[in-house]
Amino acid sequence: MPQLTVEGFPTIEVEAGKRLVLAIEQDAGVDILHACGGNARCTTCRVEFIEGEPDMMTVAERQVLTAKGVSGVRLSCQIPCDHDMKVRAISRLTGSGRPDPGGPPAPEITPPPEWIPKES
Ligand code: FES
């Protein structure tokens, strides 16, 4: 099983292939935001990778990061936990002023993923 470390929290093992946003919230117990419900629209599920940044990304992730002019972060709702990762949770409910983290992301990546190399 892949190991996940959210900076400042204990390293945990997560079910292979689990959405990173859900692993951070449910397994690591970190109050990450997911305002659009995991649909690659809001970017509030953003994380910074310290180790293990995936080489591939979904077209939906690329499009929303480009549209919002955001760089240096990845969208945890668009990433499966298929290898060891260490991330920094930079977008959390605590201190956000929001009433809740957002609707619950589905178990599988939405919209249905189309994969491209992250640098293409
Ligand atoms: S982009 Fe909205 S939850 Fe990931």
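Which residues of H2 are buried? In this predicted model, the buried set in H2 consists of Val59, Ala60, Glu61, Arg62, Val64 and Leu65. The helix itself covers residues 59-68, and its buried residues pack against three strands, namely S4 (56-58), S5 and S7. Right after H2 comes Gly69, with a positive phi near 70°.

H2 also turns up in the pocket analysis. The largest pocket holds about 200 Å³ of space, and H2 is the top contributor to its lining, supplying three residues. In total, 13 residues line this pocket. Those nearest the pocket centre are Met57, Leu65, Gly72, Val73 and Lys118. Leu65 therefore plays two parts here, as one of the buried residues of H2 and as one of the lining residues nearest the centre of the pocket, with buried taken as under 20% relative accessible area. By residue class, the lining splits into five charged, four polar and four nonpolar residues.

Next, the sheet. Five strands make up an open sheet with mixed pairing, and the order runs S2-S1-S6-S3-S5. S2 and S5 sit at the edges with a single partner strand each, so each has one side without a neighbour in the sheet. In general, the strands of a sheet pair through backbone hydrogen bonds, and the pairing can be parallel or antiparallel.

Walking across from the S2 edge, S1 and S2 run antiparallel and are joined by two bridges. Gln3 has Glu13 in S2 as its bridge partner. The two strands form a hairpin with five residues between them, and in that hairpin Gly8 takes a positive phi near 95°. On the next step along, S1 (residues 3-6) pairs with S6 in the parallel sense, over three bridges. Two of the facing pairs can be named: Leu4 stands opposite Met85 in S6, while Thr5 stands opposite Lys86 in S6.

S6 then meets S3, and here the strands run antiparallel, with four bridges between them. Glu48 is found opposite Arg88 in S6. At the far end of the order, S3 (residues 46-51) and S5 (residues 74-75) are paired in the antiparallel sense over two bridges. The bridge partner of Arg46 in S5 is Leu75. S5 thus comes up twice, as an edge strand of the sheet and as one of the strands that the buried residues of H2 pack against.

The loops have some backbone geometry worth a look. Most residues other than glycine have a negative phi, and most peptide bonds are trans. Against that background, two residues of the loop between H1 and S3 stand out. Ala40, which lies in this loop, has a positive phi near 60°. Thr43 lies in the loop between H1 and S3 as well, and its phi is also positive, near 70°. Are these two residues buried or exposed? Ala40 is buried because its relative accessible area is 9%, under the 20% cut-off. Thr43 counts as buried too, at 4% relative accessibility.

The loop between S6 and S7 brings in a cis bond. The peptide bond leading from Thr110 to Pro111 is cis, with omega near -10°, and Pro111 belongs to the loop between S6 and S7. Pro113 is in this loop too, which links S6 (85-89) to S7 (115-117). With a relative accessible area of 36%, Pro113 is partly exposed, since that class lies between the 20% and 50% cut-offs. Pro113 and Ile79 are 34 residues apart in sequence, yet their C-alpha atoms are 9.6 Å apart in space.

Ile79 appears again in the surroundings of Lys18. Lys18 is located in the loop between S2 (12-13) and H1 (20-27). What does Lys18 touch, leaving out residues up to four places away in sequence? The contacts are Ala23, Gln26, Asp27, Ile79, Pro80 and Cys81. With Gln26, there is also a polar contact of 2.9 Å between the two side chains. Charged or not, Lys18 counts as buried, because its relative accessibility is 15% and the cut-off is 20%.

Conventions. Residues numbered from 1 in each chain as written. Predicted model: local features only at pLDDT ≥ 70, side-chain atom pairs only at ≥ 80, totals over all residues. Heavy atoms only, no water. 1 Å grid on protein atoms, 1.4 Å probe; cavity = no way out; pocket = protein on both sides within 12 Å on 5 of 7 lines; lining within 4 Å. Points joined across faces, edges and corners; volume = space filled by probe spheres on them. Nonpolar A, V, L, I, M, F, W, Y, C, P; charged D, E, K, R; others polar. Buried < 20%, exposed > 50% of the residue type's maximum accessible area, 1.4 Å probe, protein only. Pairing = 2+ DSSP bridges. Polar contact = N/O pair within 3.5 Å; in protein donor to acceptor, adjacent residues only side chain to side chain. Contact = heavy atoms within 4.5 Å.
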